[in-house]
Amino acid sequence: MFAWSLPHFLLNSLLPLLVLTGVHGDRLTVLQAPEFVSFQKGDWPVSGETIPDLVALTMGFSVKEDLSWPGLKAGPLFQRPRANVLVVVRGVDSLALPQSVASYPLENPVPFTMDSVAETVHSLFAEDTPVVLQLAPSEERLYMLGKANAVFEDLPVTLQQIRARLSQDGSVLASLPLNSLSRNAEADLLFLSEVQVLHDITALLQRHRHLAKDHSPDLYSLELSGLEELSRLYGQDSPQYRDATAILASVLQKFGEDVYALYGNNAVVEVVTVKSFEAPLTRKSRSILESKQISNPGSPYNLAYKYNFHYAVVFNIVLWLMITLALAVIAISYNLWNMDPGYDSIIYRMTNQKIRMD
């Protein structure tokens, strides 16, 4: 009723503003996903605190509470992606990504971690070489688990190491169109260092392709806050911020395509764009070489896990073996019941011949 009472020229001027307001907002974008991980296209909002459970479900793991979200359909029981890569971009609500599988609005953008998913991967595949990498260059944090730590020993961790990497051969500075970005500004170097880390991760995986070919799933959780620093220093209307947004969109698109190809088109790559988190996230630092061997982390009673990776294989072996034995018993019993002792049994046949001779 109120909208119809407005003048036509005022209503026409407000319509584009209303449309833009509905489009903007924090987003969860799925860049790459195999065919058996079925993301449905729609505007179903997803809560920030449920993203770890969503990642766990895409990897075929069970979660404590059911995720009643129609954006993800249940997939086959005996197929799981080889890797899940989650990139969190702070300081921007959405990126102009050229291609994506699906995109959903993100509500309640609270800080979250992939610790629960990482512990599940490490506990189920402790004897293998899963890659569990959680990286936040802006806060100089690197969390790693598993036996694949030696591969990523050369990955720059601190801001000083990453800035030194920018001056070495093979740096992204030689291939990126910097435009208004400077190589001497502190915020610009932070953003460029995060782009360098994405490039180095794919380069390490290309040199160690065996990590992407084993049967143990890998988990990557990367947090980028360079855009947030650029927005705070220059503003969102600055050319530095616009150039950095365009660079990051193209870099993330290529990063997703490269990782997807390295894992044989069997990986899920998601990008979470958040303007700002509602609360700060604090964690303890962990050494890059730390590899904790624990039987069941998070359980004070040292209980066994409800699910094991070999459960599906053992279940199928026992099931079909029991069905085969049951059918064999039924067939043998039927033949014995309908058997003629005089003709079907060699014992009775010999007896009959002796009787006839007598």
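The exercises below work through a predicted model of one protein chain.

Local features are taken where pLDDT is at least 70 and side-chain atom pairs where pLDDT is 80 or more, while totals for chains, interfaces and linings use all residues. Residues are numbered from 1 along each chain as its sequence is written, and side-chain values use heavy atoms, with hydrogens and water left out.

**Exercise 1. State how many helices and strands the chain has, and what share of its residues is buried.**

Step 1. Helices are DSSP runs of H or I with at least four residues, strands are runs of E with at least two, and both are numbered from the N terminus. The chain has ten helices and eight strands.

Step 2. A residue is buried under 20% relative accessible area, exposed over 50%, and partly exposed in between (1.4 Å probe, protein chains only). Of the 358 residues, 44% are buried.

Step 3. Accessible areas come from the Shrake-Rupley method with a 1.4 Å probe, and for residues only the protein chains shown count as cover. The chain has about 20,500 Å² of accessible surface, and carbon and sulfur atoms account for 58% of that.

Step 4. A contact means heavy atoms within 4.5 Å. Taking contacts between residues at least 6 apart in sequence, 79% join residues at least 24 apart.

**Exercise 2. Find which residues have the most contacts inside the largest nonpolar core, and which elements supply it.**

Step 1. A nonpolar core is a set of buried Ala, Val, Leu, Ile, Met, Phe, Trp, Tyr and Cys residues joined through side-chain atoms within 4.5 Å.

Step 2. The largest core has 52 residues, and Val 89, Phe 191, Ile 201, Tyr 220 and Leu 227 have the most contacts inside it.

Step 3. At least two residues of this core come from each of β3, β5 (132–136), α4, α5, β7 (218–224), α6 (226–234), α7 (239–262) and β8 (267–274).

Step 4. Leaving aside neighbours within four places in sequence, Tyr 220 has contacts that include Val 85, Leu 133, Phe 152, Ile 201 and Tyr 263.

Step 5. A second, separate core has 32 residues, among them Phe 36, Val 37, Leu 54 and Phe 125. Leu 54 is also one of the buried residues of α2, a helix in which six of eight residues are buried.

**Exercise 3. Work out where the salt bridge partners Glu 228 and Arg 90 lie, and whether they are buried or exposed.**

Step 1. A salt bridge is a side-chain nitrogen of Lys or Arg within 4 Å of a carboxyl oxygen of Asp or Glu. The count comes to six.

Step 2. In the bridge between Glu 228 and Arg 90, the closest N and O atoms are 2.8 Å apart. Glu 228 is in helix α6 and Arg 90 in strand β3, 138 residues apart. Both Glu 228 and Arg 90 are buried.

Step 3. Compare Arg 165 and Asp 200, whose closest N and O atoms are 3.3 Å apart. This pair links helix α4 to helix α5 across 35 residues. Arg 165 is buried at 14% relative accessibility, and Asp 200 is buried at 8%.

Step 4. Asp 258 and Lys 254 form a bridge of 2.8 Å, N to O. They are four residues apart in helix α7, so about one helical turn separates them. Lys 254 is exposed at 52%.

Step 5. Through shared partners, salt bridges join Arg 90, Glu 223, Glu 228, Glu 229 and Arg 232 into one network.

**Exercise 4. Explain why the aromatic pair of Trp 69 and Tyr 104 is classed as edge-to-face.**

Step 1. Rings of Phe, Tyr and Trp (its six-membered ring) pair if their centres lie within 6.5 Å; planes under 30 degrees apart are stacked, over 60 edge-to-face, and the rest tilted.

Step 2. The whole structure has one aromatic pair. The ring centres of Trp 69 and Tyr 104 are 4.7 Å apart and the planes stand at 75°, so the pair is edge-to-face.

Step 3. Trp 69 is in the loop between α2 (51–58) and β3 (83–90) and Tyr 104 is in strand β4 (residues 102–107), so the pair ties together parts 35 residues apart in sequence. Trp 69 and Tyr 104 are both buried.

**Exercise 5. Decide whether Asn 108 is partly exposed or buried, and do the same for Asn 179, exposed or buried.**

Step 1. Asn 108, not a glycine, has a positive phi of about 55°. Asn 108 sits in the loop between β4 and α3 (115–124), and its 30% relative accessibility makes it partly exposed.

Step 2. Asn 179 also has a positive phi, near 55°. Asn 179 lies in the loop between α4 (159–166) and α5 (186–207) and is exposed at 62%.
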